Amino acid sequence: MGYRIGVDIGGTFTDFCVFDERTRELQTLKVLSTPDRPGAEMLDGLAELQRRYGVSAGAVSYFTHGTTVGVNTVIQRRGVNLCLITTAEFEDVLEVARLKMPDPYDLFSRRPAPLVPREKVFGVAERVLADGTVEREVDEASVLRALDGIRAAGGEAVVVALLHAYRTPGNEDRVREILNREAPDLAVICSSRVWPVIREYERTVTSVVAGYVQPRVARYLDSLQKALAEAGVPAEPMITKSNGGVMSAELGKTECVQMLLSGTASGVIGASHVARLTGSRNTMSFDVGGTSADVAVIMDGEPQYGVGEMIGEFPIYVPTVSVTSIGEGGGSIAWVDRLGVLKVGPESAGSVPGPACYGRGGERPTITDAFVVCGFLGAAELGYSAVRMDASLAEKAIATVAGPLGKSVRETAESIIRIAISGMYLEISKLVSRYGVDPRDFSLLAFGGAGPMTACFLARELGMKRLVVPLTPGVLSAFGGLIADVKNDFIRTVFADLEPAAAAALRETFRELAGRATHWLREQQGFTGEARYIYSADMRYRGQSFEIETLLEHDWIETGDVAAMAEAFHRAHEQLYEHADPEAPIQVINQRLVVAGSSPKPQVAEIEAAAEPPEPLDRMPVYYDGRHHEAALYRRAELRAGQRFAGPAVVLQDDCTTCVLGGFVAEVDSYGNLILTAEG
């Protein structure tokens, strides 16, 4: 028995969630992030956990961590000096891409410059045919010429992405052998090992992103392991993954593409847990931190997954929790452009210097400063007493943009909030259109340091009638990493017609994937607990260009029931496109398998109930909708199950502040969650 710790590092705060395996209690903490001293925030947090709660580093039995180092490396373009080897005559794969404009409605829209410029792409003589037949073995002389070019370009790593290597990886392996022999210090990444999937651009760009960030991620994880060892933490650190699971930090050094969206995925996993706990069938998670707002759709308590999620300006095609990131967080900076128009974001004040009201040297106005000026923040310290609000500094910062606009400080503050909310509304509208759902049929589950602060404003714009604020919303991403399962995805491209004659081959491939999955879980991760296997296939009607992932029952696979598989695909096609063709032949493009080892889940205890309404601590003036209102002030820790109160109200707690606008009624459920319902 020891302590299980989940950590999530954000742009402003680093969150800790601690589960005591002996007492079954949860403890939470926030400390300021230290971007100038990476990793120091975790050591600071461990020391503070010892001081506050008596959590000894030596008693930590499990440690999981969500990181943004990979995605930040791509966004900031601070990765390794990377080169690319392709099949000769296919050197333009990154330049050609899919010939899509990033924004077809913007006449000035341009595709981003590739992470590997054309002059660092080298072709080698070899050829694998579409059916996997090796038409030409690798010409070693062409590989050596490519190596000369790599050395001349100062290449520190190289990605090898050859034609049809997803079917037959032998030629990629041969290129790697030659490079390892001739240049042992050169890091070599083969696309067939990163994610062996059909379509050359998708496989290549995914491998390039992986190769671009791998050295920096590996150094970061190595530093993390050493820092935890020096602090006396005996547990091998785990890293949250883009698919909502976790893996060992040691494996993350070589499979970093799996953890590029680890931080955002953890939040959705935590939100899914709360959605099930509160009986929220269809939920939209709304995670607002200091830099961005991350939104995801949760159906029947389960997050939605997809491929092609964007890492900065580039897609990756490994399975990930589907999250839309919006460049508006609590630290997003407000500014006036050269035409005199007020804008908000995407630049953020972060934790250093932070919003002006933090008193840490920030002078530019942020969304947090706007909420302080409007009266919603400032009644208590934030971040477990890490920050004390200074309203005068917030007003001074807002005044720098109020002057050019010719508005009062308070009017400008409300305008900043409205612009931020309108940006969120726009991006969420795109998200719900993609899924074909109506946000009015969903609950909005708000978390992160600024999610509960902005949720009512957003819900009013979207017409959403029900909001959920978890018991500890400010650290829900850390909690999500704490409860995430040990999980991995496996795939094999097969290109087979779905007919009885193919049943045996499909069964054999799934058994091979299951064997690899079991080895990964038991041998590489050392997991000995209960595991589950999820089978699916990417299928399409013959003649279609793209496919639909379709869940399959294990019994169908073992008995060769291709009719049941076909019916499942028809249903999936009908659900997505509102039509199906039961007479059309079906092709299986990829077979997929997900293995998940279940981690212990903390049992959330019910809180004490009370029949009488809560007594407010105080009443305070707040400003919104162009006028002043009187808001009741409550402390979250003093609220009891069954208690109700109406907005306007402000609810204080250590990790965030909840703003309840007029027209909403809040009720505390049996687990301490706040359920906000719009009246009328």
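I take the expected span of a helix as 1.5 Å times one less than its number of residues, and I apply this to a predicted model.

**Helix α13.** I looked up α13, residues 451-462, and compared its span with that expectation: its twelve residues should span 16 Å, and since the end C-alpha atoms lie 15 Å apart, the two values agree. I then checked how much of the helix is covered, and found that ten of the twelve residues of α13 are buried, namely G451, P452, M453, T454, A455, C456, F457, L458, A459 and L462. Just after α13 I noted G463, which has a positive phi, near 75°.

**Nonpolar cores.** I turned next to the largest nonpolar core, which holds 102 residues and in which I5, L84, L498 and L552 have the most contacts. Helix α7, residues 200-231, supplies the largest share of this core, with twelve residues. I followed L498 further and, leaving aside neighbours within four places in sequence, I found L498 in contact with L506, M539, V562, M565, A566, I586, Q587 and V588. Apart from this core I recorded another, of 72 residues, which includes F286, A334, C374 and I416.

**A four-stranded sheet.** I traced an open sheet whose four strands follow the order β6-β5-β9-β10 with parallel pairing; its edges are β6 (121-124) and β10 (187-190), each of which pairs on one side only. On average, and with direction ignored, I read a turn of 25° between neighbouring strands of this sheet. Looking closer at β9, residues 157-161, I found that four bridges join it to β10 and that the two strands run parallel; V158 has V188 of β10 as its bridge partner.

Note on methods
Residues numbered from 1 in each chain as written. Predicted model: local features only at pLDDT ≥ 70, side-chain atom pairs only at ≥ 80, totals over all residues. Heavy atoms only, no water. Pairing = 2+ DSSP bridges. Axes fitted to C-alpha atoms, helices over the stretch in contact; angles between N-to-C directions. Core = buried A, V, L, I, M, F, W, Y, C linked by side-chain atoms within 4.5 Å. Buried < 20%, exposed > 50% of the residue type's maximum accessible area, 1.4 Å probe, protein only. Contact = heavy atoms within 4.5 Å.
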